[in-house]
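Q: I've got a structure open and I'd like to learn how to read it. Could you walk me through it?

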Amino acid sequence: MRPISLIPAAGVALLTSLAAHAETITVATVNNNDMIIMQGLTDEFEKAHPDIKLDWVVLEENVLRQRLTTDIATNGGQFDVMTIGTYEVPIWARQGWLTALDDLPKDYDEGDLLKPIRDGLSQKGKLYALPFYGESSMMYYRKDLFDKAGIQMTEQPTWKEVRGWADKLNDPDNGVYGICLRGKPGWGENMAFLSTLVNTYGGRWFDEKWHPEIDSPAWKEAVSFYVDMMKKDGPPGATSNGFNENQALFSSGKCGIWVDATSAAGRIFDPSESKVADELGFAPAPIAKTPKGSHWLWSWALAIPESSQSKDAAKTFITWATSKGYVDLVGEKKGWTSVPPGTRKSTYDNPKYQQAAPFADFVLKAIESADPTDPSIKPVPYTGVQYADIPEFQAIGTQVGQMIAAALAGQQTVDQALSAAQRSADRTMRQAGYYKD
Amino acid sequence: MHSSITKKLAITLLAWAIALVVFFPIFWMILTGFKTEGEAVATPPSLFFEPTLSGYHEVMARADYVKFAINSVVVSLGSTLLALLIAVPAAYSMAFLPTPRTRGTLLWMLSTKMLPPVGVLMPVYLLFRDMGLLDSLSGLIVIYMLMNLPIVVWMLYTFFKDVPKDILEAGRMDGAGTLQEVLYLLVPLTLPGIASTGLLSVILSWNEAFWSLNLTTSSAAPLTAFIASFSSPEGLFWAKLSAASTMAIAPILILGWMTQKQMVRGLTFGAVK
């Protein structure tokens, strides 16, 4: 054998040994747009870190939540990186299921993370997940329809004003409905929106001793307002409209006003996905009696379960995917409106982002002014604007959501819905041992 | 004469109408797979449009279809073979050597199908974790086998009961042992029934989505997990989801088409004619 032929052989051997040493980590994530972009950039990560390989499990939010809960509660160890929200992080951290992320590399610049988001992912001052993107809620409206109706948008709209505008804009004969709001039952669907409405009407989920307050006057006023307005000025069949359906309605020109997640802004501002991109107006989420809790706060974040066998590799990955460098990478490869929003101050300071995304200021203001630790005019025992950070909340929120959807569909009155919801929430909390009386 | 023709025509029309109603969602899904995301959600829906493969391109770019498809084939065939291997002797003893408890046993087996699977998710997950079966093809094969076993035993039991005992007795007179009796008499006689039972088991395993989603992550995930990764509560996804679903059902649809004669014969007439 000539010596020269050994070189490719040695090369192959070296590559094989590298591949053999590459650590594979399994990343579980939600199939929202920003995560699909992250998955698409796998090659970039693996090029920069040849010793780590990524395996993806991409699922719809609710399926993923069930899948991850099963695994982490049984210490199954199937995943090295989990995509979870601000609701799960504190609960799971308290259970000791998540790895604390206290020694992050210097260049990660933890101080650059937006404070409310950072607080939402911390437990007793320790960070347990790194934010991938964050959102609040705000109001979208059609400038052309507002001009035609002679309506002047105010700096901080109130719900009373919004209702008057929706009445004026409503024109079902021409396929335009005054206002589109979530009606699909679910703690993350209609109840995310309705919680903010109840908050701003001065209500809360639980009193200081964890007694539910769903049949309180504030809840009745807020939910009656919502049901009346939606029946009069909303699209038909609103109980099947969640975030996605409303986004489709709004971007095809069927709604005058839409109050929902700030993360929709990039898409309805994109002419290839939206017919109303040119006529799009932004405003803060409306308020009623108090600005407290009038807009929500949510973040999808990357966490490392304690059961992972590859914690170091997982940490390398999550610091990469939530870094400033990642934001720049997405901006350059996919365009600046596609960068994950709502996590870092530096993103909002970036002139390229400011230029591409005129809504950036609204989003930043909304996120920075949302305070999950103080979501209501009255004191609360929980953290969270549109949820309470206890495991029982998912079931309670979804049941209340179903009852309010039934009221919206006209199957029962608001009073009936709320007193039934109160009874069921009370039963759940009592059984869970929050109180005995 | 005249009325019988009208009657035939009416029945034919009715059959076509029912077939169309049943097939329409699948037809619509296949159609939607060739639309752009915008057209897929357009109201009113467009029947005529410029077909595009962009949905398929995106699906192929995001996931390795072949890997998922191979897992589906291995798991559904493997679990079916294993189920038949266990069910044939079980059904044989129940059909030809019944005891007073046979009926109760059969009903008890079926009753396991009445429990919603999520009720046993935790214990199964823990067992699988300790046995190292999470995200493994063999684990999924075992679960699917257990899931289909009651139905397979029941179907084989009814087919075997149709076989006259005398035939088996004649075999025994000629000196056949139990194994030969089953292999050379019973199985050939009831082959159409066994085949249709097997096909049903393959189809049920192919379409099963609860266990496959919960017990696999990446290496053993079958096509149901592949489809699940394309539905989303955010953004437009109908065209991609339809394309992914079309790709996922294509193999089983073609298999069903090719074997429909056996299926219908096995399921309607009983095995021995």
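What follows is a short chat about the interface, the cavities, the salt bridges and one chain's fold.

Q: Before we start, what kind of model is this?
A: This is a predicted model, so keep that in mind as we go.

Q: How do I read the size of the interface between chain A and chain B?
A: People often give interface size as the accessible area lost when the parts come together. Here, chain A and chain B bury about 2,300 Å² between them, and carbon and sulfur atoms give 51% of that. On the chain A side, A:R67, A:T74 and A:N244 lose the most area to chain B, together making up 23% of what that side buries.

Q: How many residues of each chain are in contact?
A: Chain A brings 29 residues, and they are in contact with 26 residues of chain B.

Q: How many salt bridges and polar contacts run between the two chains?
A: For salt bridges between chain A and chain B, the count is zero. Polar contacts are another story: 11 residue pairs make them across this interface, with both partners at pLDDT 80 or more.

Q: Which elements of chain A supply the side that touches chain B?
A: Look at α2 (33–40), β2 (52–59), α4 (61–73) and α11 (243–251) of chain A, each of which supplies at least two residues. The largest share, six residues, comes from α4(A). Sorted by class, that side of chain A has nine nonpolar, 12 polar and eight charged residues.

Q: Now the empty space. How many cavities are there, and what volume does the largest one have?
A: Rolling a probe the size of a water molecule over the atoms shows where empty space is left. In this structure there are three cavities of 30 Å³ or more, and the largest has a volume of about 50 Å³.

Q: Which residues line the largest cavity?
A: Among them are A:E61, A:L64, A:R65, A:E88, A:W92 and A:W300. Helix α4(A) turns up again, giving the most to this lining with five residues. At least two residues each come from α4, β3 (81–85) and α5 (88–94) of chain A. By class, the lining has five nonpolar, two polar and three charged residues.

Q: What should I know about A:E88 and A:R65?
A: Side chains of opposite charge can pair when their charged atoms come close. The side chains of A:E88 and A:R65 do this in a salt bridge, at 2.4 Å from N to O. Because A:E88 lies in helix α5 of chain A and A:R65 in helix α4 of chain A, the pair ties together parts 23 residues apart in sequence. Over all chains, the whole structure has 27 salt bridges.

Q: And how many helices and strands does chain B have?
A: Chain B has 14 helices and zero strands. Its C-alpha atoms fill a box of roughly 70 × 70 × 30 Å along the principal axes.

Conventions: Residues are numbered from 1 along each chain as its sequence is written. Chains are lettered from A and ligands numbered from 1 in the order in which they are written. Side-chain values use heavy atoms; hydrogens and water are left out. Contact means heavy atoms within 4.5 Å. Buried area is the accessible area (1.4 Å probe) that two parts lose on being put together, summed over both. A salt bridge is a side-chain nitrogen of Lys or Arg within 4 Å of a carboxyl oxygen of Asp or Glu. A polar contact is a pair of N or O atoms within 3.5 Å; within protein, one must be able to donate a hydrogen and the other to accept it, and residues adjacent in sequence count only if both atoms are side-chain atoms. Helices (H or I, at least four residues) and strands (E, at least two) are DSSP runs, numbered from the N terminus. Ala, Val, Leu, Ile, Met, Phe, Trp, Tyr, Cys and Pro count as nonpolar, Asp, Glu, Lys and Arg as charged, and the others, Gly among them, as polar. On a 1 Å grid over the protein atoms alone, a cavity is a set of points where a 1.4 Å probe fits but cannot get out, and a pocket is an open set with protein on both sides within 12 Å along at least five of seven lines; lining residues have an atom within 4 Å of a point. Grid points are joined across faces, edges and corners, and a volume is the space filled by probe spheres set on the points.
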